[in-house]
Amino acid sequence: MLTLYYSKGTSAIAPHILLEEVGADYAVHEVPIAKGAHQEPAYLEINPKARVPALMTPNGVITENPAILTYIAATHPQAHLLPDTPFERAQADALNAYICATMHVAFAHLQRGARWADGEQAHAAMKAKVADNIADCASVIEAHHLKGPWAMGDHYTICDAYLTLPPRWMAKVGVDLAAYPKLKAHHEAMLHRPATLAVMAIHGL
Ligand SMILES: N[C@@H](CCC(=O)N[C@@H](CS)C(=O)NCC(=O)O)C(=O)O
């Protein structure tokens with residue numbers, strides 16, 4: 001049995017979608033960030049980094065979206081969500097690393113500037129850069145990481161669940177998805193999948 005620790009509307013949407021896609025036997029445990037639940041001792045025992053998502057597995061806790069997505073796919077091989085060849089696997093890892101370590105971090109500068117600098121002026125300066133940085137990240141994904149129709153080409157993989165997040169970040173900072181035809185088509189295709197729709201409903205989206 002797996003347990004996904006999540007907060008509604010966060011990046012936990014990605015592993016949540018993948019758990020639905022593979023038909024996993026899983027439970028959910030809500031950790032509402034807005035109420036500070038991710039900072040409470042009970043949750044810090046699950047994830048000392050005070051972030052969601054986290055996935056409790058029979059072997060212990062996994063944190064970090066790319067690792068969680070890979071674990072779900074690797075433990076449900078019948079769903080074929082990991083590319084077969086070493087090169088394609090590395091390409092998938094590259095996209096997931098980019099979403100996690102560059103685009104998500106760029107988006108975090110909107111609300112979490114205090115992690116990088118002190119003072120209102122510094123936070124305002126960081127916020128002012130977020131839309132441009134998110135647009136740059138979207139351009140990189142559009143040009144180099146999204147083969148179409150799915151991220152890795154003809155087959156849905158772990159990257160596709162993670163790619164549900166960039167359009168959400170883009171919308172929040174006013175970057176027009178229509179300017180990125182492959183990302184837009186991907187987003188629309190995702191919204192036709194029952195797993196995506198089920199998770200969006202749970203997250204109140
Ligand atoms: N690198 C982590 C980032 C996780 C993360 O930042 N999650 C956000 C929600 S999308 C969070 O927990 N925010 C609470 C906070 O920053 O205090 C991952 O990919 O799992």
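Domain bounds here come from an automatic or database domain assignment, and the views below show a predicted model.

**View 1. Two domains make up the protein.** The protein is divided into domain 1, covering 2-79, and domain 2, covering 86-193. Taken over C-alpha atoms, the centres of domain 1 and domain 2 are separated by 20 Å. Where the two meet, 16 residues of domain 1 are in contact with 16 residues of domain 2.

**View 2. The ligand sits in the largest pocket.** Have a look at who surrounds it: the ligand has 14 residues around it, and the closest are Arg51, Val52, Glu64, Asn65 and Arg115. Both domains take part, since the shell around the ligand draws at least three residues from each of domain 1 (2-79) and domain 2 (86-193). By residue type, the shell divides into 5 nonpolar, 5 polar and 4 charged residues.

**View 3. Glu64 and Val52 each approach a nitrogen atom of the ligand.** For Glu64, a polar side-chain atom lies 2.6 Å from a ligand nitrogen. For Val52, the partner is a polar backbone atom, 2.7 Å from a nitrogen atom of the ligand. Zooming out a little, the protein covers 86% of the 510 Å² of accessible area that the ligand has on its own.

**View 4. His38 faces an oxygen atom of the ligand.** Here a polar side-chain atom of His38 lies 3.2 Å from that ligand oxygen. It is worth viewing alongside the previous panel, where the side chain of Glu64 and the backbone of Val52 provide the polar atoms.

Note on methods. Residues numbered from 1 in each chain as written. Predicted model: local features only at pLDDT ≥ 70, side-chain atom pairs only at ≥ 80, totals over all residues. Heavy atoms only, no water. Near = heavy atom within 4 Å. Polar contact = N/O pair within 3.5 Å; in protein donor to acceptor, adjacent residues only side chain to side chain. Areas by Shrake-Rupley, 256 points an atom, 1.4 Å probe, with all protein chains shown as cover. 1 Å grid on protein atoms, 1.4 Å probe; cavity = no way out; pocket = protein on both sides within 12 Å on 5 of 7 lines; lining within 4 Å. Sits in = over half its atoms within 2 Å of the grid points. Nonpolar A, V, L, I, M, F, W, Y, C, P; charged D, E, K, R; others polar. Contact = heavy atoms within 4.5 Å.
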